[in-house]
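User: I'm new to this one and would like a close look at a single part. Please start with charged side chains that pair up, then show me what else is around.

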Amino acid sequence: MAVPPGLPVVIVGGLHADARRAAVARLLADVPGSVVLHHDLATAAAGTVVRTIRDASGILDAGEAPLVNDCACCALREDLVPELERLRDTGGTRLAVVELWDSVEPKAMAEVVTAGGLTVTGVITAVDPALVLPYLGNGDDLADGGLAAAATDQRTVADTFARQLEYAPVLAVADSPEADDEDRELLAQLHPTARQVRIGQDLPAEPAETAGPAGPTAPAQPSGDGLTVPNPRRRALSPLAQAALAGFDVEAAAAAQHPACALLPAEADAHGVATLVWSMRRPFHPERLYAALEDLTCAAARSRGRFWLADKPDTLFHWDAAGGALCVESTGPWLASLPDAAWDMVPPVRRAAAALDWHPEHGDRCQHLVFTSPGLDRDGLERLLESCLLTDAEYAAGPDAWQRLPHAFDTLLEV
């Protein structure tokens, strides 16, 4: 596999700092001519963000970026693309590795880099399997641990870690002696579509026909489309380097996180970890669901999805819970509530997702919630969820009656 032309950029992030640094070091060792660009937001209290550029031998350059609107993450956004452009224009850099500071989320940075006209070839989150459950269960504010990216940052450790994990199509997994089968299974169920690459995985063996370190290696041959095709005698890149250069679609990645068309986990049960996928075509009673929120939030290490309230039939709500805390927000209308003329403004991926599960009466309105956790009480959780739905009599009363139900979520949605 050849390195693409131009300046390929791979983003490596994650709150598991030791695993992240190990993944970055591996990329530096595996891809000659690669450099790492890192912005240290821990210095924000002094009014600046420290920027370093290094290769496998050490630091090549260092500088500072002033805070923007008292926001360290904003300074990172302003400084990132110009520094990458400088690396590209200077030449000699084969791969730019953007190592994100602990709590910076890869989604925002991938979109910044792409909007700046550069090519993101990979997004990787580094993970220590033994730390997945402790971090998912940590409801502390980032600010309490000195990990806030701005003075107004109200994120928690759990929800930040969950988004870092679920956005990246590649997980660089540390060889952790403390991790057991339950830890590895939890990681697999939380993000079943991710490609997992062990950070310590060795380079592939050289093909037999390669002359070896002391002998000649034939140059790569140009292909018909202008890309460089690696010569079969040339030593292959490591699995982690291959993943870093595999290609990345920013728009597809964003769509995969939208509650209307997210690629959520499937049913699973292994090594003490279970995932429950709960889908229904009947709306929730707002008051009963509100009363059950604490129990539902604490029922699993991680839960997410979309849901439908009887008193707000046009609104698609997003469910996002980790660390014992729940975020509920409106994400716009259900497609079934839109006039036909408005459908042309809806992204094709959203229309396709709705068409796959369209109901003749309710359209795309549904309950689709996914709960993943060790020791999950599936039966108890299903009973609790079902108790929050409209009863047969309430359902039969019809949509006009549903909208007269108590608007129990109004206060929560205003927060």
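**Charged pairs, then the sheet**

Analyst: Arg163 and Asp159 are about one helical turn apart, because they sit four residues from each other in helix 5. (Helices are DSSP runs of H or I with at least four residues, strands are runs of E with at least two, and both are numbered from the N terminus.) Before going on: this is a predicted model, so local features need pLDDT of at least 70 and side-chain atom pairs count only at pLDDT 80 or more, while totals for chains, interfaces and linings use all residues. Residues are numbered from 1 along each chain as its sequence is written, and side-chain values use heavy atoms, with hydrogens and water left out.

Back to that pair. The side chains of Arg163 and Asp159 form a salt bridge, 3.0 Å from N to O; the term means a side-chain nitrogen of Lys or Arg within 4 Å of a carboxyl oxygen of Asp or Glu. Side chains of opposite charge can pair when their charged atoms come close. Arg163 has a relative accessible area of 28%, so it counts as partly exposed. On this scale, buried is under 20%, exposed is over 50%, and partly exposed is in between, using a 1.4 Å probe and protein chains only.

Now for another pair. Glu105 and Arg155 join side chains in a salt bridge at 2.8 Å, N to O. This one ties together distant parts of the chain, 50 residues apart: Glu105 is in the loop between strand 5 (95-99) and helix 3 (106-115), and Arg155 is in the loop between helix 4 (132-136) and helix 5 (157-167). Glu105 has 17% relative accessibility, so it counts as buried. Arg155 is buried too, because its relative accessibility is 18%.

Lys312 and Asp311 also meet in a salt bridge, at 3.9 Å from N to O, and both residues are buried. Elsewhere, Arg51, Asp61, Asp79, Glu83 and Arg86 are joined into one network by salt bridges that share partners. Searching the whole structure turns up 27 salt bridges.

Let's move on to the sheet. It is an open one, with six strands in the order 11-12-16-13-14-15 and antiparallel pairing; two strands pair if DSSP finds at least two bridges between them. At the edges are strand 11 (268-270) and strand 15 (325-333), each pairing on one side only. From one strand to the next, the twist averages 10°. Angles here run from 0 to 180 degrees between N-to-C directions, with axes fitted to C-alpha atoms, for helices over the stretch in contact. Strand 14 (residues 315-322) pairs with strand 15 over seven bridges, and Thr315 has Pro333 as its bridge partner in strand 15.

Two helices go with this sheet. Helix 9 (residues 286-297) lies across strand 13, strand 14, strand 15 and strand 16, at about 30° to strand 14. Helix 6 (residues 181-190) packs on the sheet as well, touching strand 11, strand 12 (273-280), strand 13 (302-307) and strand 16 (367-374), and makes about 25° with strand 12. Contact means heavy atoms within 4.5 Å.

Finally, the whole protein: it has 14 helices and 16 strands, and 49% of its 415 residues are buried. Its C-alpha atoms fill a box of roughly 80 × 50 × 50 Å along the principal axes.
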